[in-house]
Every structure is written in C-alpha cells, then in structure tokens.
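Biologist: Please put the model up on the screen. I have some questions about strands, cores and cysteines.

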Amino acid sequence: PCRSVLTVACEQTEVLLFDPISSKHIKTLSEAHEDCVNNIRFLDNRLFATCSDDTTIALWDLRKLNTKVCTLHGHTSWVKNIEYDTNTRLLVTSGFDGNVIIWDTNRCTEDGCPHKKFFHTRFLMRMRLTPDCSKMLISTSSGYLLILHDLDLNKSLEVGSYPILRARRTTSSSDIISSGSSGPRAVGSPCHQNDSGPLSEKHMSRSSQREGGSPRNSLEVLTPEVPGERDRGNCITSLQLHPKGWATLLRCSSNTDDQEWTCVYEFQEGAPVRPVSPRCSLRLTHCIEEANVGRGYIKELCFSPDGRMISSPHGFGIRLLGFDARCSELVDCLPKEASPLKEIRSLYSHNDVVLTTKFSPTHCQIASGCLSGRVSLYQPKF
C-alpha cells in the first residue's frame, strides 16, 4: 500500500520482492509454498498473504521474512484469490474447490486463524469485494457472474438460506427497460458442457426483492453480455473492481478459446425498472477484443488507482485503455450503447505471453509479468 515493495507470485513455489523505484531485487522466498503461488494481498504496510495450489494461505511479515507468520488450512483445492476487509480485519479467500472462506485475522496465532466457509458455488474462478465491501462478486468458468448484495461477512451462507433476486442477462442500455427473460441463460464450459448453472430458476421469486434495495446477502445471478458471444458460452477468467466502486472489469474467453474480450460493466443500483422485469445490476458500457495469444492461461488486468485507465495484457505486452481518448472519468463519458475502449498506448518489452499487470497504488508506474518469468516496470518520461 505504501508502494515501497513490489511482490511477485511465481509458478514454482517462489515469491519475489523488488524495490519498485530502483528495480532492485530485494529477496526471494524460494519455498514460500509447496506448489505454484497464485496471488498476493497486502493487509497493511507490513503484513501480506499469499495463496497457492498447495491449498494453503500463508501470512508474512516484511520485517521477518525468514519464516511465515502462520499457514492457513481450510481449502481442498487450488487457492486462487485473496481479498481483505480492512474494517473487520477479515481475510476472504476463494479456490477451485468452489468455496469462499472467511479468516479472522484478529485472532491469529502461529497455528492459524479461526475460519468458516462463507459461500459455495460450482466452477468458481475469481472472487472480489467492492471497495466499500458492500458487495461480493464471483465469476465462474460457465459464464455466470454472481453478486451478493448488502454483504454481511459474519454470516455463513448455505444453499437456500439467502434471498435470491430475479436475475437476467446483462444487455446494452436500450434493452434494460424490456422485460427480457425471467432467469439466467444456461451456459456450458469446455469442461462442463452439461452445467445448467449454479442455481435453479425455481428459486427466483419476486418475494425475495425489497423495495429500493436488497436484503442482506441477497444473491443475483447474471450472464454478462460479451460482444460476439450472444449465441456461445464464455468463461469469465479475470474479475476486477473499479477503485471507486462504479464498475466491474471482466476478461472473458469463448468456450472454444478462440476469442478474448475485455468488458466494462457499470453498476446500476436499486430495484428493477419495472416490477415485472428481472433485476439487472450491471450494464455493458465499454469493450474491446484482445489478442488471442497464450490460450488456456488467465490474463489478469487492472484499473489505474484513479479508475481512468485499464492496463490489459495483450500478447507479449500490455495495452493502456481509456473510456475515451482523453482518459476521462467513467461517469463523465457513459455511452448510451456499449462503445469500444480506446487504446491510449501499447507497451511491448516481453519475449513471452504477458499474464499479469498492475499499477502502483501511489506512484506513476506500471508492472507486468510474463509466462517466462520476466517482470517489467514502466514509468512515463516527462
């Protein structure tokens, strides 16, 4: 958070630490985990968490990197995502076992932290919390996007124990006022062609809605519109949130893995436009087709700290994308129909497929990492 250290999760059990200003290598945690390290999340300026395909999460202290603070056991498959609620000091993780688990770091010991399973869904890919932690978004390999509204992390959710909002496929603004379908479209995936979705339509009733808002932990199920994918399923591989909570950013790939798209969806608050119409909390505002390079690998994209730009892996480099050519705020240039993202700049310095990119939270700097292990740092010249 204070931009003094850049941490890098590596495929072969390692975590690398760099000084982002001088680009000097600080330290290598050579056996941080027993399998691939997937994600890193700072809890504050000294504590950070790592997750791995070895099914564990580890807590680390920058002041003492020779040993872990503790190791957290609870997932039964690869752990792919870490979120953190700074208000409650609760760590939230998700994995390919379909579980979202809550860890109470207020009561952390050398043996771990108290934890509980919060939510479960099939084919879970990524999980994110909005900046104010009022919503949880979950993407799946079957093309569904799940939104838990008015989030309460202290309550565990079992199937059928939470209100389910009538959901629909997201559309462009001209279609929002139409009644549409009464439930999510069934979408298959390369490995799960018979998947009929995480929930049955029979659970979706009008009584689960409340006027002007949603009950605590109410669930909305959406199949986001992806350009060119109207008649084909897609997999939502990467999921990010706008730093001001205005929108969500998705990287989607087709079931046949021959197309990739970056899409921006604006949050629409409140009840359905008409009582008879299904709820739809997202509207597609911007999109762009990506280079279909490195099939099967997930590319993690991100917003800039002010939310005006998107950095997106593109082949052997990254593209800086804006909502318009002037890099205006999203709220200042919302189109009536979905519009193309504008390419501001392309940066190519890798000799392999770029898988991840990240803006510094406080400095005018971007980092990118590729499949062969090279990390590149970019800083504009004034």
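Biologist: How do strand β13 and strand β14 pair, and over how many bridges?

Modeller: This is a predicted model, where local features need pLDDT of at least 70, side-chain atom pairs count only at pLDDT 80 or more, and totals for chains, interfaces and linings use all residues. Residues are numbered from 1 along each chain as its sequence is written, and side-chain values use heavy atoms, with hydrogens and water left out. Strands here are DSSP runs of E with at least two residues, numbered from the N terminus, and two strands pair if DSSP finds at least two bridges between them. β13 (residues 136–140) and β14 (residues 145–149) pair in the antiparallel sense, over 4 bridges.

Biologist: Which residue in β14 stands opposite Ile138?

Modeller: Strands of a sheet pair through backbone hydrogen bonds, either parallel or antiparallel. Opposite Ile138 stands Leu146.

Biologist: Which strands stand at the edges of the sheet with the order β12-β13-β14-β15?

Modeller: That sheet is open, with 4 strands in antiparallel pairing. An edge strand has a single partner, so one side of it is left without a neighbour in the sheet. The edges are β12 (124–129) and β15 (218–222).

Biologist: How many residues of β12 are buried?

Modeller: Buried means under 20% relative accessible area, exposed over 50%, and partly exposed in between, with a 1.4 Å probe and protein chains only. β12 is an edge strand, yet mostly covered. The buried count is 6 of its 6 residues.

Biologist: Which residue in the turn between β12 and β13 has a positive phi?

Modeller: The two strands run antiparallel and are joined by 5 bridges. Leu124 has Thr140 of β13 as its bridge partner. The hairpin has 6 residues between its strands, and the one with a positive phi, about 60°, is Cys133.

Biologist: Which element gives the largest share of the largest nonpolar core?

Modeller: A nonpolar core is a set of buried Ala, Val, Leu, Ile, Met, Phe, Trp, Tyr and Cys residues joined through side-chain atoms within 4.5 Å. This one has 19 residues, and Val92, Phe118 and Ile138 are among those that touch the most other members. Elements giving two or more residues include β9 (90–95), β10 (99–104) and β11 (115–120). The largest share, 3 residues, comes from β12.

Biologist: Which strands are at the edges of the sheet with the order β4-β5-β6-β7?

Modeller: It is an open sheet of 4 strands with antiparallel pairing. Inside it, β6 (residues 56–61) pairs with β7 over 4 bridges, and Ala58 stands opposite Thr71. Each edge strand has a single partner, so one side has no neighbour in the sheet; the two are β4 (37–42) and β7 (70–73).

Biologist: What percentage of residues 72–104 is strand?

Modeller: The unreviewed UniProt entry annotates "repeat: WD" over residues 30–63 and 72–104; such annotations may be inferred rather than shown by experiment. Residues 30–63 are 0% helix and 53% strand. For residues 72–104, helix is 0% and strand is 64%.

Biologist: Why does Cys235 form no disulfide with Cys252?

Modeller: A disulfide is a pair of cysteine sulfur atoms within 2.5 Å. By this rule the count comes to 0 disulfides. Cys235 is buried, at 12% relative accessible area. The closest cysteine sulfur, in Cys252, is too far for a bond, at 8.2 Å.

Biologist: How far is the sulfur of Cys10 from the closest cysteine sulfur?

Modeller: Cys10 also counts as buried, at 16% relative accessibility. The closest cysteine sulfur belongs to Cys36, too far for a bond, and the distance is 10.0 Å.
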